[in-house]
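Q: I have a chain open here and want to go through it before setting anything up. Can you take me through it?

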Amino acid sequence: MARVRIALPDRFPFSTTIPLLISHINYGHHLDNAQLLGLVSEARVRFLQSMGYTELDVDGLGIIVADAALQYRSEAFHGETMQVEMAADDFHDFGCDLVWRMSDEASGREVARGKTGVVFFNYVERRKAAVPEGFRRRFPAA
C-alpha cells in the first residue's frame, strides 16, 4: 500500500486547543489512534460553531463524513494540550475536504495531519445536496 501523504494549506482560518485526557491514551502511553479521530471530530464541531453552524445545519443542510485520511508525525502524551487547526479545501459539487493539523501547543511539535471528506446532506429528502453557497464563499482561496 502506498504511504498516505497529506498536503496542508498555507493558512488555516480556524484553530482550537484540546487537552489530552487519560482516556485519550493507550497502553503504549501515547495518544490512541481511535481517540485521535474523536479529537478531530470535536475540532470539526468547533470549526463549524465558529461560523454559526452545526453538523446538522450548515445553511439548512447537514454534513456526513464520507472518508478520512491521516498521517502520524509524532507521539502525543497525557497532559499535553493539542492545537488543532482546520480549513475547508478541495470543494466539489456536493462537498469538500476539511484539512487539519494537530500540534503540541507548548512545543509546536506536529503530532498528526489529515483530511476529512464531508458531503452535504438534505436529511428531509434523505439525499446528498450541493454545497451551500454561503459556506463555499467563506473559503475563497479553496
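**Chain walk-through**

A: Starting with the surface: the chain exposes about 8000 Å², and carbon and sulfur atoms supply 50% of that. Keep in mind that this is a predicted model.

Q: What secondary structure does the chain have?
A: The chain has 2 helices and 6 strands. Read along the sequence, the pattern is β-α-β-β-β-β-β-α.

Q: How does the radius of gyration compare with a compact globule?
A: The chain has 16 Å, and a compact globule of 142 residues would have a radius of gyration near 14 Å, which agrees. Along the principal axes, the C-alpha atoms fill a box of roughly 45 × 35 × 30 Å.

Q: What percentage of the residues is buried?
A: Buried residues make up 42% of the 142 in the chain.

Q: And how much of the contacts comes from residues 24 or more positions apart?
A: Such pairs account for 67% of the contacts with a separation of 6 or more.

Q: Charges next. How many positive and negative side chains?
A: There are 16 positive and 19 negative side chains in the chain. The centres of the two sets lie 3 Å apart.

Q: Which residues have the most contacts inside the largest nonpolar core?
A: Those are L31, M86, W100, M102 and F135, in a core of 33 residues. At least two core residues come from each of β1 (14–19), α1 (33–49), β3 (81–92), β4 (95–104) and β5 (110–122). The largest share, 6 residues, is supplied by α1.

Q: Why would nonpolar side chains group like that?
A: As a general tendency, nonpolar side chains in soluble globular proteins are buried together.

Q: Take M102. What is it in contact with?
A: Leaving aside neighbours within four places in sequence, M102 contacts L31, L36, L39 and V40, then M82, Q83 and V84, and finally R109, E110, V111 and A112.

Q: Where is L48, and is it buried or exposed?
A: L48 is in helix α1. It counts as buried because its relative accessibility is 3%, and the cut-off for buried is under 20%. Beyond four places in sequence, L48 is in contact with Y53, T54, E55, V58, I63 and F135. F135 is also among the residues with the most contacts inside the core.

Q: How far is L48 from F14?
A: Their C-alpha atoms are separated by 9.6 Å, and the two residues are 34 residues apart along the chain.

Q: Switching to polar residues. Where does D97 lie, and is it buried or exposed?
A: D97 lies in strand β4. With a relative accessible area of 12%, D97 is buried. Not counting residues up to four places away in sequence, D97 touches A87, A88, D89 and D90 on one stretch of sequence, and K115, T116 and G117 on another.

Q: Which loop holds S74?
A: S74 is found in the loop between β2 (62–72) and β3. S74 is partly exposed, with a relative accessible area of 24%.

Q: What does S74 touch?
A: Apart from residues up to four places away in sequence, S74 touches R109, E110 and V111. Those three are also on the contact list of M102. As for S103, S74 is 29 residues away in sequence and 9.1 Å away in space, C-alpha to C-alpha.

Q: Backbone check. What is phi of H29?
A: Phi of H29 is near 70°, a positive value in a residue other than glycine. H29 sits in the loop between β1 and α1 and counts as exposed at 61% relative accessibility.

Q: And phi of D59?
A: Near 55°, again positive in a residue other than glycine. D59 lies in the loop between α1 and β2. At 43% relative accessibility, D59 counts as partly exposed.

Q: Last one, L8. Where does it lie and what is it in contact with?
A: L8 lies in the segment before β1. Leaving aside neighbours within four places in sequence, L8 is in contact with V99, W100, R101, E110 and R113. The C-alpha atoms of L8 and V119 are separated by 20 Å, with their positions 111 residues apart along the chain given as the sequence distance.

Conventions:
Residues numbered from 1 in each chain as written. Predicted model: local features only at pLDDT ≥ 70, side-chain atom pairs only at ≥ 80, totals over all residues. Heavy atoms only, no water. Helix = DSSP H or I, 4+ residues; strand = E, 2+ residues; numbered from the N terminus. Rg over C-alpha atoms; globule rule 2.2 N^0.38 Å. Buried < 20%, exposed > 50% of the residue type's maximum accessible area, 1.4 Å probe, protein only. Contact = heavy atoms within 4.5 Å. Areas by Shrake-Rupley, 256 points an atom, 1.4 Å probe, with all protein chains shown as cover. Lys, Arg positive; Asp, Glu negative; His and termini not counted. Charge placed at Lys NZ, Arg CZ, Asp CG, Glu CD. Core = buried A, V, L, I, M, F, W, Y, C linked by side-chain atoms within 4.5 Å.
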